[in-house]
Amino acid sequence: MDVQSYFPIWDKLEPTHQRLILDSLTERNVKKGTVIHSGDMDCTGLLLVRSGQLRAYILSDEGREITVYRLFNRDLCLFSASCMLRSVQFDITIEAEKDTLLWVIPAEAYRQVMERSAPAANYTSEIMAARFSEVMWLIEQIMWKSLDKRVAAFLLEESAIEGAALLKLTHEAIANHLGTHREVVTRMLRYFQNEGMVRLARGAVEILDEKKLAALRDA
């Protein structure tokens, strides 16, 4: 499938704007673990995911990571083109969580389209609003949710994404997603295991009692 079928407002763009995007975009095939964009890099451009999975996260001054949101098929990342959004100062890192095929739309090309096309401007505003909603949700989770609830929620979300109860995740990876220390996550997972909710193995967590995890998450 081509980029036109992945871009929700493609049919609303004028032919000249469609041509500008088509003439400027590039295709990238990135391996799992590749950092595609970081806050101190030049403006990478907009990332449109064709297949695979990306993770957007921020880094503390101490180097601790926390996941802000993830990107799946057909998702468009704007923060990798933050130079286009001059009022936004948001240093973010984008990493491939799985082998990913994506299109990169240069920031300058998209800016020209956005300035001349109301559908493109509205679409961009909708994405920005959705991303900031995710940021606010994350802040709420950190401030008001205990870590056991956050770990339970993360495991259930990961299981839904992967469509499996066996999750190939290290304790370090879970800690990076949640913005905490590996040792804290290890203690929490051992508690979950003692309660019969999960089974731990090297580099993996298997969910045994989804209902119990969900009850903990929602308590």
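**View 1. Tyr6 and Trp103, two buried rings.** Welcome to this predicted model, where Tyr6 and Trp103 are both buried. Their ring centres lie 5.3 Å apart and their planes meet at 70 degrees, so the pair is edge-to-face. The contact joins distant parts of the chain: Tyr6 belongs to the segment before helix 1 (15-24), while Trp103 sits in strand 8 (residues 100-105), 97 residues apart. Tyr6 has another partner to look for, as the charged end of Arg74 sits over its ring, 4.3 Å from the centre.

**View 2. A cluster of rings at Phe7, Trp10 and Tyr123.** These three residues, Phe7, Trp10 and Tyr123, are linked into a cluster by ring pairs. How many aromatic pairs are there by this rule? The count comes to six.

**View 3. Arg55, with a ring and a salt bridge.** Follow Arg55 here, since this residue appears in several contacts. Arg55 lies over the face of Tyr57, 4.2 Å from the ring centre. The side chain of Arg55 also meets that of Glu65 in a salt bridge, at 3.1 Å from N to O. This pair links distant parts of the chain, with Arg55 in strand 4 (residues 54-59) and Glu65 in strand 5 (residues 65-71), ten residues apart. Are these two partners buried or exposed? Arg55 is buried, and Glu65 is buried as well. Glu95 joins them, and Arg55, Glu65 and Glu95 are linked in a network of salt bridges.

**View 4. A salt bridge within helix 1, from Arg19 to Asp23.** Side chains of opposite charge can pair when their charged atoms come close. Here the side chains of Arg19 and Asp23 meet in a salt bridge, at 3.3 Å from N to O. Why are the two separated by about one helical turn? Arg19 and Asp23 are four residues apart in helix 1, which accounts for that spacing of about one turn. Arg19 has 47% relative accessibility, so this residue counts as partly exposed. Asp23 has a relative accessible area of 58% and is exposed.

**View 5. A salt bridge between Arg182 and Glu183.** In this last view, Glu183 forms a salt bridge with Arg182, and the closest N and O atoms are 3.2 Å apart. Glu183 has a relative accessible area of 42%, so this residue is partly exposed. Arg182, at 37% relative accessibility, counts as partly exposed too. If you would like to keep exploring, a search of the whole structure finds 15 salt bridges, including the one between Glu183 and Arg182.

Conventions. Residues numbered from 1 in each chain as written. Predicted model: local features only at pLDDT ≥ 70, side-chain atom pairs only at ≥ 80, totals over all residues. Heavy atoms only, no water. Phe/Tyr/Trp six-rings, centres within 6.5 Å; stacked < 30°, edge-to-face > 60°. Buried < 20%, exposed > 50% of the residue type's maximum accessible area, 1.4 Å probe, protein only. Lys NZ or Arg CZ within 6 Å of the ring centre and 35° of its normal. Salt bridge = Lys/Arg side-chain N within 4 Å of Asp/Glu carboxyl O.
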